[in-house]
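This report walks through one protein model for a reader who has not seen it before. Please look over the sequence and the structure before reading on.

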Amino acid sequence: MRNTRNRQHQKRLNLDLKGHLNAENKDLHEEMIEVDSEGAVKTLAVVIEVQDHHDTVEAEAAISVTAADEIEAIDAAAVRTGDQTDVHLKVKPHPKFKEIYQVMLEDGAQRLATKNLTPGLRVYGERLFKFKYVEYRVWDAFRSKLAGGIIKGVQNVPIEPGFKVLYLGAASGTTPSHVSDIVGDSGHVYCVEFAQRSLRDLVNNVAAYRTNISPMLEDARMPERYAMFISGKVDTIYCDVAQPEQAKLLADNADVFLKSNGWVMLACKSQSIDVTMDPNAVYRQEAHILRNRGFDVKEIVDLEPYDKAHAMIVAQRL
C-alpha cells in the first residue's frame with residue numbers, strides 16, 4: 001500500500017517537472033516528505049535544481065535584454081545631442097578663413113568651430129561634436145574676442161595652418177586653444193601671461209595636452225625678457241591685454257618678433273585706456289599709434305554685443 005502511494009506521488013512529480021513549481025506542487029512535496037522522507041527529499045532536490053537553472057537562464061536573458069536596451073538608449077541619446085554623430089548637424093568650412101568652420105546645430109543656431117587638436121578634451125566647457133568622424137569644438141563668441149570679431153565681419157584673420165603666433169595676454173587659454181587648433185601641429189603658439197593663476201590654468205588645462213603651445217609667465221611690456229624662448233620670427237601677433245598703452249605694447253613686441261609683412265591683431269579695450277573718452281575715439285587713437293609705428297591698418301571692427309567697449313584692430317607691417 002505504501003509503495004503504491006509513493007509511485008503515485010512520483011508520477012505526479014514527474015508531470016510537474018514539465019511545468020513549473022506552483023503553490024499546489026509545494027503542498028504535494030511537503031506531503032511526500034511526510035509519507036517517505038528519503039525518497040521525497042531526493043526527488044524534490046531534483047525539481048529545485050531544475051527550477052533554479054531555469055530561473056538563472058531567464059535572469060541572464062533579462063540582463064542581456066536590459067544591456068541591449070541601455071546601449072540602444074545611449075545611441076538614441078547621442079543622435080539627439082549630436083555629440084557622437086553627425087545626425088542633425090551641418091558643418092562647412094568658413095568661406096574666407098582656413099581651418100575655421102561654420103556649424104548649424106540641431107535647433108538651427110549657427111556657431112563657429114575648429115577641429116579639436118586633442119579629441120575628447122575640452123578647455124572651457126565648450127561643446128564637442130563629431131561630423132564625418134572628425135571631432136570639432138564649438139567656438140563661443142561670448143568667450144573669445146577673436147570669434148566675436150569673425151562673426152562681426154572681420155575681413156582679415158592672419159592665422160593659418162603652420163603659422164607661428166605670439167599671443168599676448170593668453171589668460172587661461174580659451175582663445176589660444178582655438179588658435180592652436182587652427183595652426184595645427186606644424187604651427188606654434190607662444191603664450192605670454194602675467195597672472196600666475198591664469199597661467200597655471202593655461203598650463204594644466206591646455207598646454208599639458210598641446211605640444212604646439214608654449215606658455216610663459218612674463219610681462220608683455222618687456223619683450224626682451226622672453227625673447228630667448230621664441231624661435232625665429234612669428235607670422236602674427238595677437239594682443240589682448242588690459243593695459244593703458246595697448247598699441248605701443250603691441251608695436252614694441254612687433255619690433256622684436258614680427259617678420260617682414262607680418263600681421264597684428266589688437267583686441268582693443270577702450271576702458272583700460274581712457275574711461276572718459278568715447279570708445280570709437282580710443283580705437284582711432286590706437287590705430288593712429290600703429291600707423292606711426294609702420295603698420296597699415298586694414299580694419300577696425302566693433303565687437304558688441306560679444307564684448308562691450310571693445311574693437312578688433314587688424315594691421316599689417318609695411
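What share of the 318 residues in the protein is buried? Buried residues make up 44% of them.

## Overview and confidence

The model is a predicted one. The protein contains nine helices and 12 strands. It exposes about 17,000 Å², and carbon and sulfur atoms supply 51% of that area. Among contacts with a separation of 6 or more, 58% are between residues 24 or more positions apart.

The mean pLDDT of the protein is 81, and 73% of the residues reach 70 or more. Two stretches stay under 50. Over residues 1-11 pLDDT is under 50, and the model has nine contacts beyond four places in sequence for this stretch. Residues 13-84 also stay under 50, with 49 contacts beyond four places in sequence. Where pLDDT is low, the predicted coordinates should not be read in detail.

## The five-stranded sheet

One open sheet consists of five strands in the order S1-S2-S3-S5-S4, with antiparallel pairing. Strand S1 (90-93) and strand S4 (128-131) stand at the edges; each has a single partner strand, so one side of each is left without a neighbour in the sheet. On average, neighbouring strands of this sheet are turned by 40° against each other, direction ignored.

Within the sheet, S3 and strand S5 (residues 134-139) pair in the antiparallel sense over four bridges. Lysine 115 stands opposite tyrosine 136 in S5.

## Alanine 113 and histidine 94

Alanine 113 lies in strand S3, which covers residues 110-115. Is alanine 113 buried or exposed? Its relative accessible area is 0%, under the 20% cut-off, so alanine 113 counts as buried. Alanine 113 and tryptophan 139 are 26 residues apart in sequence, while their C-alpha atoms are 4.9 Å apart in space. Not counting residues up to four places away in sequence, alanine 113 touches Ile100, Tyr101, Val103, Phe129, Tyr136, Arg137, Val138 and Trp139.

Histidine 94 lies in the loop between S1 and strand S2 (101-104). With a relative accessible area of 14%, histidine 94 is buried. A polar atom of the histidine 94 side chain lies 3.0 Å from the backbone nitrogen of lysine 96. Beyond its neighbours within four places in sequence, histidine 94 is in contact with Ile100, Tyr101, Gln102, Leu112 and Ile150.

## Helix H5

Helix H5 (residues 174-183) lies across S3 and S5 and runs at about 145° to S5. How many of the 10 residues of H5 are buried? The count is 10 of the 10, so H5 is largely enclosed by the rest of the structure. Among the buried residues of H5 are Pro176, His178 and Asp181. Just after H5, glycine 184 takes a positive phi of about 70°.

## The seven-stranded sheet

A second arrangement is an open sheet of seven strands in the order S8-S7-S6-S9-S10-S12-S11, with mixed pairing. Strand S8 (213-217) and strand S11 (295-302) are its edge strands, and each pairs on one side only. From one strand to the next, the twist averages 15°.

In this sheet, S11 and S12 run antiparallel and are joined by seven bridges. Aspartate 296 has glutamine 316 in S12 as its bridge partner. Helix H6 (residues 196-207) packs on the sheet and touches S7 and S8, its direction making about 160° with that of S8. Helix H9 (residues 279-292) also packs on the sheet, touching strand S10 (258-269), S11 and S12; the direction of H9 makes about 165° with that of S11.

## Strand S6 and histidine 310

Four of the five residues of strand S6 (residues 164-168) are buried, so S6 is largely enclosed by the rest of the structure. S6 pairs with strand S7 (residues 188-193) in the parallel sense over five bridges. Leucine 166 has tyrosine 190 in S7 as its bridge partner.

Histidine 310 lies in strand S12 (residues 310-317). Its relative accessibility is 7%, and histidine 310 therefore counts as buried. Which residues is histidine 310 in contact with, leaving aside its neighbours within four places in sequence? They are Lys145, Cys268, Lys269, Tyr283, Val301, Asp302 and Leu303.

Technical notes
Residues are numbered from 1 along each chain as its sequence is written. This is a predicted model: local features need pLDDT of at least 70, side-chain atom pairs count only at pLDDT 80 or more; totals for chains, interfaces and linings use all residues. Side-chain values use heavy atoms; hydrogens and water are left out. Helices (H or I, at least four residues) and strands (E, at least two) are DSSP runs, numbered from the N terminus. Buried means under 20% relative accessible area, exposed over 50%, partly exposed in between (1.4 Å probe, protein chains only). Contact means heavy atoms within 4.5 Å. Accessible areas come from the Shrake-Rupley method with a 1.4 Å probe; for residues, only the protein chains shown count as cover. Two strands pair if DSSP finds at least two bridges between them. Axes are lines fitted to C-alpha atoms, for helices over the stretch in contact, and angles run from 0 to 180 degrees between N-to-C directions. pLDDT is the predictor's confidence in each residue, from 0 to 100. A polar contact is a pair of N or O atoms within 3.5 Å; within protein, one must be able to donate a hydrogen and the other to accept it, and residues adjacent in sequence count only if both atoms are side-chain atoms.
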